[in-house]
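The following exercises concern charged side chains and their accessibility, and each is followed by a worked solution. Please inspect the sequence and the model before reading on.

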Amino acid sequence: MVKVALVVRMVAKPGKEEELRAFLGGAEPLARAEAFTPAWFALRSAKNIFYIVDAFAADADRDRHLGGEIAKALMARAGELLAEPPAIEKADVLGAKLPG
């Protein structure tokens, strides 16, 4: 059961939209490797607006993810790909439907 989540909003720099799209799509194997991350999505809502939404069973898992490989890789490339720092919001999960 997931109880907490992260919602990360990213705005791509002009001309970097497809690089950010590819970066986020390429992060899926890293998310799959995290047994403590049962739900992970990389989303695009406009040409330059992207999100990562993920959910966790506990705060400790969320914090572990924030210190994990995806976050490290994103922060290493943020200056190159993002027009502004990523907006990272911690959230409570009010309801969820997951496979299985």
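**Exercise 1.** Is K16 buried, exposed or partly exposed?

*Solution.* The model is predicted, so that local features need pLDDT of at least 70 and side-chain atom pairs count only at pLDDT 80 or more, whereas totals for chains, interfaces and linings use all residues. Residues are numbered from 1 along each chain as its sequence is written, and side-chain values use heavy atoms, with hydrogens and water left out. Buried means under 20% relative accessible area, exposed over 50%, and partly exposed in between (1.4 Å probe, protein chains only). K16, with a relative accessible area of 23%, is therefore partly exposed.

**Exercise 2.** Identify the salt-bridge partner of R32 and place both residues in the secondary structure.

*Solution.* A salt bridge is a side-chain nitrogen of Lys or Arg within 4 Å of a carboxyl oxygen of Asp or Glu. The partner of R32 is E28, their closest N and O atoms being 2.8 Å apart. Both belong to helix α2 (residues 28–32), where four residues, about one turn of the helix, separate them; helices are DSSP runs (H or I, at least four residues), numbered from the N terminus. R32 is exposed at 68% relative accessibility, while E28 is partly exposed at 34%.

**Exercise 3.** Which residues are joined with K16 into one network?

*Solution.* K16 meets E19 in a salt bridge (3.2 Å, N to O). R77 and E80 form another, with closest N and O atoms 2.9 Å apart, and both lie in helix α4 (residues 69–81), three residues apart. Salt bridges that share partners join K16, E19, R77 and E80 into one network.

Methods. Helix = DSSP H or I, 4+ residues; strand = E, 2+ residues; numbered from the N terminus.
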